[in-house]
Amino acid sequence: MPTLTALAHAKLNLTLDVLGRRSDGYHDLRMVMTSVALADVITLETGTGDGVQASANLGFLPTGEKNLAASALLRFQEATGRDLGGAHISLEKHIPVCAGMGGGSSDAAAVLRALNDCTGAGLSLPELARVGEAVGSDVPYCVLGGTALAEGRGEVLTPLAPLPRCTVVVCKPNFSISTPELFRQIDSVRLRHHPDTDGMLAALEAGDLGGVARRVYNVFEDVLPPRLRAEVAAIRQLLVGHGALGAGMSGTGPTVFGLFDCAAGAERARRELGETYRDTFLTETV
Ligand code: C5P
């Protein structure tokens with residue numbers, strides 16, 4: 001089979017709400033997600049005859065089944081009964097890793113979509129998303145992409161009107177956060193604030209960028225350890241100071257993003273944040 005190349009876009013959480021813990025240990029979520037142009041580049045070669053391997057321009061990523069892209073390929077084989085005769089997946093990472101931007105999930109989703117196209121398996125998007133569920137909670141959304149409401153574990157998806165065109169600055173602070181640990185923190189507190197998800201849905205429907213940006217909110221910011229919470233808040237304030245209409249943390253962090261209707265302000269914010277944080281990018285809606 002020929003070598004395939006696919007883009008895997010980063011996602012941002014415009015809202016993230018945790019509704020409660022479930023009996024299966026996961027949590028019921030309600031979140032509005034959107035894709036941005038920032039993307040990894042996936043190159044996929046099948047028929048290599050030597051098992052499934054992944055490699056990346058970042059040496060610390062897993063190369064076997066623990067790599068979500070490799071896991072997606074194996075799940076695709078199981079679901080469709082097709083044997084691809086070994087495969088090599090090469091990941092050119094641009095999305096920061098463990099950042100709350102769904103990089104690994106998006107890589108997995110890009111592999112699923114590429115395999116579905118090139119093998120002629122012909123799974124529908126909902127079927128492909130269901131294959132992705134076994135790989136990770138954010139993979140079904142990444143299969144769909146665009147702007148969507150994700151509920152349940154993250155797999156109950158409703159496509160939404162796109163985020164109005166804007167420039168986005170993303171900045172990953174230099175600390176990492178354990179996702180299971182943050183969920184444990186959420187279980188141990190009574191959340192005082194929740195995002196206005198319904199207002200967010202209405203603002204998207206109306207194409208109202210200001211209304212969307214004003215409602216960016218993520219409950220995980222409230223349970224960060226105090227020092228990290230202060231750092232996230234400082235980045236958010238810097239973004240707003242340079243003209244972001246709204247800003248917040250994505251996923252379980254630590255990436256903070258700002259939505260701008262003024263590209264010059266966004267560029268100033270990128271430059272200033274880039275002096276402290278290597279993983280700072282200017283991107284846009286897709
Ligand atoms: O599904 P995924 O492997 O991405 O989830 C990582 C971790 O995040 C889970 O082990 C769980 O602790 C937490 N999680 C959760 N509820 C969700 C999604 C993730 O508790 N809906």
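I will talk about one sheet in this structure, and then about a single residue, Asp-198, bearing in mind throughout that the model is a predicted one.

Let me begin with the sheet, which is open and is built from 4 strands in the order β9-β10-β7-β11, with antiparallel pairing. At its edges stand β9, covering residues 246-249, and β11, covering 280-284, and because each of these has a single partner strand, one side of each is left without a neighbour in the sheet. Going from one strand to the next, the twist averages 20°.

If we look at the β9 edge in more detail, we find that β9 pairs with β10, residues 256-260, in the antiparallel sense and over 4 bridges, and that within this part of the sheet Ala-247 stands opposite Gly-258 of β10. Packed on the sheet is helix α8, which runs over residues 226-241 and touches β7 (167-171), β9 and β10; the direction of helix α8 makes an angle of about 15° with that of β10.

Now to the residue I mentioned, Asp-198, which lies in helix α6, the helix that spans residues 197-205. Is Asp-198 buried or exposed? Its relative accessibility is 51%, and since the cut-off for exposed is over 50%, Asp-198 counts as exposed. As for what the side chain of Asp-198 does in the model, it makes a polar contact with the side chain of Arg-30, at 3.1 Å. For a sense of distance along the chain and through space, Asp-198 and Gly-51 are separated by 147 residues in sequence, and their C-alpha atoms are 46 Å apart.

How values were computed:
Residues are numbered from 1 along each chain as its sequence is written. This is a predicted model: local features need pLDDT of at least 70, side-chain atom pairs count only at pLDDT 80 or more; totals for chains, interfaces and linings use all residues. Side-chain values use heavy atoms; hydrogens and water are left out. Two strands pair if DSSP finds at least two bridges between them. Helices (H or I, at least four residues) and strands (E, at least two) are DSSP runs, numbered from the N terminus. Axes are lines fitted to C-alpha atoms, for helices over the stretch in contact, and angles run from 0 to 180 degrees between N-to-C directions. Contact means heavy atoms within 4.5 Å. Buried means under 20% relative accessible area, exposed over 50%, partly exposed in between (1.4 Å probe, protein chains only). A polar contact is a pair of N or O atoms within 3.5 Å; within protein, one must be able to donate a hydrogen and the other to accept it, and residues adjacent in sequence count only if both atoms are side-chain atoms.
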